[in-house]
Amino acid sequence: MMSASCLEADLPTETLPAARSLVTAGVRRYSFALPSEETSVRVAIFGTKAYDRRFLESANRAFGHELRFFEARLDPAMASLAAGYPAVCVFVNDLVDAAVLAELAKGGTRIVALRCAGYNNVDLRAAERHGIAVVRVPAYSPHAVSEFTVGLMLTLDRQIHRAWARVRENNFALDGLIGRNLHERTVGVVGTGRIGALVARALALGFGCTVLAADLEPDAGLEQIGVRYLPLDALLASVDIVTLHCPLTQDTRHLINREVLGRARDGLMVVNTSRGALIDTAALIDALKCRKLGGVALDVYEQEGDLFFEDLSSEIVQDDIFQRLLTFPNVIVTGHQAFLTEEALSAIAQTTLQSLADAEAGRPLAHRIGAELLRPGR
Ligand code: NAD
């Protein structure tokens, strides 16, 4: 393990006091103690939008960190902007790969705070090698995402998106808008953690659906309300609707692929508010074209990094797969919006700034994630 002085050797002089890694009894602890009595941390915040600023600045009144907002997403070309910042804050589509982490370490960064739950965009092993702690916001508001998921399911099933467009044209005809009741339908929930469990409860208890689930660790509380766990293949062969709530890992990439879709029930509806790459989008399009699928609702897309969170309404979008997806009448796409509630944004800001304060004070980091989370099945 590197000593504190060894870490310091690589740092620009101005960041030395601000980025001290203390190694105590084999446990690496992070301290950003500043030279004076100040307690604030300098934070470079990437990929910021007006709403991020609003909620972070508001929560920061209680912390007094020095926040520097960058609109640019973090990637190898932008990483040098963080030089001299002991803390870097990123979102879902910022790239925190080995090259970015090497640059951040060179500039004195000692902690990366994800203002989200998923961490598939971070090379955790590289972070560990560089002695950079990674923290996230594991549960800012599972209700925000679960409610949006049920909203997408209802919108797609009852064709609310098409009805809305028709009425704006004074077209009040109902032909083509026949839906199905959710009541007594069979829905599969893949991943019954914080978000998936809420979706399962809403569907089972609120709508009277039969809920089947797939997870590595079944939830006994859900089983008590009648949720039945099955292997993914068996689940997909038995459900009318499947909704994805597991994390994106090496094991779950393209969990929904050509073979799996081939074995699914005809007319299956697929809902994904988790991570885009859980689905092989090309296979999804083929299944839509041959009417194997009854509908698709996505809040996430595997190549969303080039599209989402930006206004591209005057641009020519080059992603032909994404553009094809938008042509289907039974497909709804939203731009990674499921988390976007007042409550979630407040909680994200509060937890992120608290983690940075804890790091600065040398306290244990409650929401730290490490390379051990990369073991198969997580
Ligand atoms: P969580 O960690 O509480 O739950 C994830 C569950 O998935 C766990 O129960 C885990 O055992 C299970 N799982 C892992 N691998 C699996 C596999 N191979 N098959 C089946 N189940 C598996 O996470 P959460 O808070 O419920 O969030 C779920 C996902 O939602 C996150 O990973 C994140 O990617 C996504 N998310 C999206 C948004 C959004 O705005 N669209 C917001 C927050 C989170």
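**Close-up views of a predicted model**

**View 1. Here is an open sheet of 7 strands, ordered β10-β9-β8-β11-β12-β13-β14, with parallel pairing.** The two edge strands are β10 and β14 (331-333), and each of them pairs on one side only. Keep in mind while you look around that this model is predicted. If you're wondering what holds a sheet like this together, strands pair through backbone hydrogen bonds, either parallel or antiparallel.

**View 2. Now we zoom in on β13 and β14, which run parallel and are joined by 3 bridges.** Strand β13 covers residues 293-298. To find one of the partners yourself, look for Ala297: its bridge partner in β14 is Ile332.

**View 3. At the β10 end we meet Tyr229, in a strand that spans residues 228-229.** Is Tyr229 buried or partly exposed? Tyr229 has 17 C-beta neighbours inside 10 Å, so this residue counts as partly exposed. Which residues does Tyr229 touch, leaving aside neighbours within four places in sequence? Its contacts are Ala213, Ala214, Asp215 and Pro218. Leu212 is worth a look too: Tyr229 and Leu212 are 17 residues apart in sequence, yet their C-alpha atoms are 5.8 Å apart in space.

**View 4. This is another open sheet, with 6 strands in the order β4-β3-β5-β6-β7-β15 and mixed pairing.** At its edges stand β4 (66-69) and β15 (368-369). Each has a single partner strand, so one side of each is left without a neighbour in the sheet. Further in, β3 (residues 42-45) and β5 (residues 87-90) pair in the parallel sense over 3 bridges. Here you can spot Ala44 standing opposite Val88 in β5.

**View 5. Helix α13 (residues 342-360) lies across β3, β5, β6 and β7.** In this view β6 is 111-114 and β7 is 133-135. The helix runs at about 160° to β6.

**View 6. Finally, we visit the ligand, which is surrounded by 30 residues.** The closest are Gly118, Gly191, Gly193, Ile195 and Pro247. Two elements, α5 (142-158) and α7 (194-206), give two or more residues to this shell. The most come from α7, with 3 residues. Sorted by class, the shell has 14 nonpolar, 10 polar and 6 charged residues. Why does the ligand lie between domain 1 and domain 2? Domain 1 (4-140 + 342-373) and domain 2 (142-333) both give residues to the shell, so the ligand lies between them.

Notes:
Residues are numbered from 1 along each chain as its sequence is written. This is a predicted model: local features need pLDDT of at least 70, side-chain atom pairs count only at pLDDT 80 or more; totals for chains, interfaces and linings use all residues. Helices (H or I, at least four residues) and strands (E, at least two) are DSSP runs, numbered from the N terminus. A residue is buried if 20 or more other C-beta atoms lie within 10 Å of its own, exposed if 12 or fewer, and partly exposed in between; C-beta atoms are placed from the backbone. Two residues are in contact if their C-beta atoms, placed from the backbone, lie within 7 Å. Two strands pair if DSSP finds at least two bridges between them. Axes are lines fitted to C-alpha atoms, for helices over the stretch in contact, and angles run from 0 to 180 degrees between N-to-C directions. A residue is near a molecule or strand if its C-beta atom, placed from the backbone, lies within 6 Å of it. Ala, Val, Leu, Ile, Met, Phe, Trp, Tyr, Cys and Pro count as nonpolar, Asp, Glu, Lys and Arg as charged, and the others, Gly among them, as polar. Domain bounds come from an automatic or database domain assignment.
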